[in-house]
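Visitor: I would like to go through this model at the bench. Show me the structure, and I will ask how each label is earned.

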Amino acid sequence: MKRKLQDQVAIITGASSGIGAGCAKEMAKEGANVIVNYPVAQAREMAEKVVEEIVANGGRAMAYKCDVSNEEEVKEMFAGVINEFGTVDILINNAGLQKDAPFTEMTLDQWNYVLNVNLTGQFLCAREAVKEFLRRGVNGKSKSAGKIICMSSVHEVIPWAGHANYAASKGGVMLMMKTIAQEFAPRKIRINSIAPGAIATPINHDAWDTQAHLQELLKLIPQKRVGQVEDIGKAAVWLASDDADYVNGTTLFVDGGMTLYPGFEDNG
Ligand code: NAD
């Protein structure tokens, strides 16, 4: 049986850990050639481990260093991948980080750092991906000329005190995603977001590392379990595949019900 992403080239940013690594592994299982992006030399070993695991399971993968907030590095990554694999079919715009601070203490550096990676990084990568999709058009591997999945967050709709930079970046991702989906849908390019709830990864380790923290976190999740990276990886496979061919410009919330106002669970 033909796998859902057979021979498609997928760049996954920030894929040396967490959700990005989970997406890389699930997409490789469905036949994609996966580019495991990582930002700095210190993350190389982790990225290579993700690649080794994929290859050991019969998949195809390559690690690629690039800081998504650096325009020249992003251009070089896309040029390098196109040179090596011929094209890019899928971009998972996943790289992201937090620099939390109470609003009145948030420095401009903290604000810019988060916006530069979480929003500008997604813009830079999406722009290079769309250029390649337009150049190539539909190539027989998929009904689309290309697919982009932006890793957003439930905080594209849930305000988050103490995290103004992060919430602003994800709100920005939402309207960038919808705007470019509208612009390029006529060219058979599909652009969507996934909004994870609480997924157990290094970014939110403090929220689930002890029983007390975990119990607090579970109050926010109607389904009463913390998500795993596979939950997001499987959603990304579906959204990138032709099974989702009529899905464009939408956010898929994968959050165990976190956006269902859990404070009202017990009659408010
Ligand atoms: P993570 O810290 O494991 O992963 C983030 C990855 O981004 C890391 O691999 C890091 O090296 C990479 N990265 C950071 N700056 C980069 C840069 N400049 N260029 C390239 N890569 C860079 O955390 P995660 O939870 O896997 O986060 C992945 C994405 O999911 C983020 O966009 C995050 O906002 C989003 N998200 C996570 C959760 C969650 O509960 N874990 C919830 C909602 C949204």
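Guide: This is a predicted model. By class, the shell around the ligand holds 14 nonpolar, twelve polar and two charged residues.

Visitor: What makes a residue part of the shell around the ligand?

Guide: A heavy atom of the residue must lie within 4 Å of the ligand. In this model 28 residues surround the ligand. The closest are S17, I19, N94, Y166 and T201.

Visitor: How do you know that Y166 makes a polar contact with the ligand?

Guide: A polar side-chain atom of Y166 lies 2.6 Å from an oxygen atom of the ligand. The cut-off is 3.5 Å between N or O atoms, so the Y166 pair counts.

Visitor: What about D67?

Guide: A polar side-chain atom of D67 is 2.8 Å from a nitrogen atom of the ligand. That is within 3.5 Å, so this pair also counts.

Visitor: Why does S16 count as a polar contact?

Guide: An N or O atom in the side chain of S16 is 3.5 Å from an oxygen atom of the ligand. The limit is 3.5 Å, therefore S16 is counted.

Visitor: How much of the ligand does the protein bury?

Guide: The ligand alone exposes 820 Å², and the protein buries 90% of that.

Visitor: Which elements give two or more residues to the shell?

Guide: Those are α1 (18–29) and α5 (164–184).

Visitor: What describes the packing of two helices?

Guide: The angle between their axes and the distance between the axes. For α3 (residues 71–85) and α4 (residues 108–136), the angle is about 35° and the axes are 9 Å apart. The crossing of α3 and α4 is right-handed.

Visitor: Which residues meet there?

Guide: From α3 come E71, V74, K75, F78 and I82. They meet residues of α4 including L124, R127 and E132. The contact has six nonpolar, no polar and five charged residues.

Visitor: What is notable about the phi of K188?

Guide: K188 is not a glycine, yet its phi is positive, about 65°. K188 sits in the loop between α5 and β6 (189–196).

Conventions:
Residues are numbered from 1 along each chain as its sequence is written. This is a predicted model: local features need pLDDT of at least 70, side-chain atom pairs count only at pLDDT 80 or more; totals for chains, interfaces and linings use all residues. Side-chain values use heavy atoms; hydrogens and water are left out. A polar contact is a pair of N or O atoms within 3.5 Å; within protein, one must be able to donate a hydrogen and the other to accept it, and residues adjacent in sequence count only if both atoms are side-chain atoms. Accessible areas come from the Shrake-Rupley method with a 1.4 Å probe; for residues, only the protein chains shown count as cover. Helices (H or I, at least four residues) and strands (E, at least two) are DSSP runs, numbered from the N terminus. Ala, Val, Leu, Ile, Met, Phe, Trp, Tyr, Cys and Pro count as nonpolar, Asp, Glu, Lys and Arg as charged, and the others, Gly among them, as polar. Axes are lines fitted to C-alpha atoms, for helices over the stretch in contact, and angles run from 0 to 180 degrees between N-to-C directions. A crossing is left-handed if the near helix is turned anticlockwise from the far one by less than a right angle, and right-handed if clockwise. Contact means heavy atoms within 4.5 Å.
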